[in-house]
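Me: I should like a close look at one part of this protein chain. Please choose a single element, describe it step by step, and explain the terms of your reasoning as you go.

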Amino acid sequence: HTIGRCERLVQTPVPLSYARHTARFVSIWTFTLSLALVESLRWLTIPVVFFVTWALFGILEIGHIIEDPFRRTIDLTSIC
């Protein structure tokens, strides 16, 4: 019973449209962030936007990696 649930978890990917929408939203948001911060931060805008962009795209990539929680390491055929 538990093995069947694990198989369903592995075989149910995040919809591609969700992944694309998230990436597009983060891209547009980080681009407009630089426009919003340029007046108040001036020359610090570049490093701040770089760090925020790095962090957000890092979180996005981690989300893609943990989408496959078992990373094909569990051989369920030998258990079944």
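**The two sides of helix α3**

Reply: On one side of α3, the residues F50, F51, W54 and I59 are exposed. This description rests on a predicted model, and it begins with that outward side before turning to the opposite one.

W54 is a suitable residue to start from, since its position is in helix α3, which runs over residues 45-65. Is W54 buried or exposed? The cut-off for an exposed residue is a relative accessible area over 50%. W54 has a relative accessibility of 56%, and therefore it counts as exposed. Together with F50 and F51, W54 makes a nonpolar surface patch of about 430 Å².

The helix itself may now be described. α3 contains 21 residues, and the distance from its first C-alpha to its last is 30 Å, close to the 30 Å expected at 1.5 Å a residue.

Which residues of α3 are buried? They are T45, V49 and L60. Around the axis these residues cover an arc of only 10°, which means that they lie on the same side of α3. A general property of helices is useful here: an α-helix has 3.6 residues a turn, so residues three or four places apart point the same way. The exposed residues F50, F51, W54 and I59 are found on the other side of α3.

The next matter is what covers the buried side. The cover over the buried residues of α3 includes helix α2, residues 16-41. One residue of α2 is T30. T30 has a relative accessible area of 7%, and because buried means under 20%, T30 is buried. Leaving aside residues up to four places away in sequence, T30 touches V49, T53, L56 and F57. V49, one of these partners, is also among the buried residues of α3.

Finally, the helix can be placed within the whole chain. The protein chain has 4 helices and 0 strands, and along the sequence these follow the pattern α-α-α-α. Of its 80 residues, 10% count as buried. Among contacts with a separation of 6 or more, 63% are between residues 24 or more positions apart. The chain exposes about 6700 Å², of which carbon and sulfur atoms supply 68%.

In summary, α3 has buried residues T45, V49 and L60, with α2 included in their cover, while F50, F51, W54 and I59 are exposed on the other side.

Methods. Residues numbered from 1 in each chain as written. Predicted model: local features only at pLDDT ≥ 70, side-chain atom pairs only at ≥ 80, totals over all residues. Heavy atoms only, no water. Helix = DSSP H or I, 4+ residues; strand = E, 2+ residues; numbered from the N terminus. Buried < 20%, exposed > 50% of the residue type's maximum accessible area, 1.4 Å probe, protein only. Contact = heavy atoms within 4.5 Å. Areas by Shrake-Rupley, 256 points an atom, 1.4 Å probe, with all protein chains shown as cover. Patch = residues over 30% accessible without salt bridge, like charges linked within 9 Å, V, L, I, M, F, W, Y side chains within 5 Å. Salt bridge = Lys/Arg side-chain N within 4 Å of Asp/Glu carboxyl O. Expected span 1.5 Å × (residues − 1). Arc of directions from axis to C-beta.
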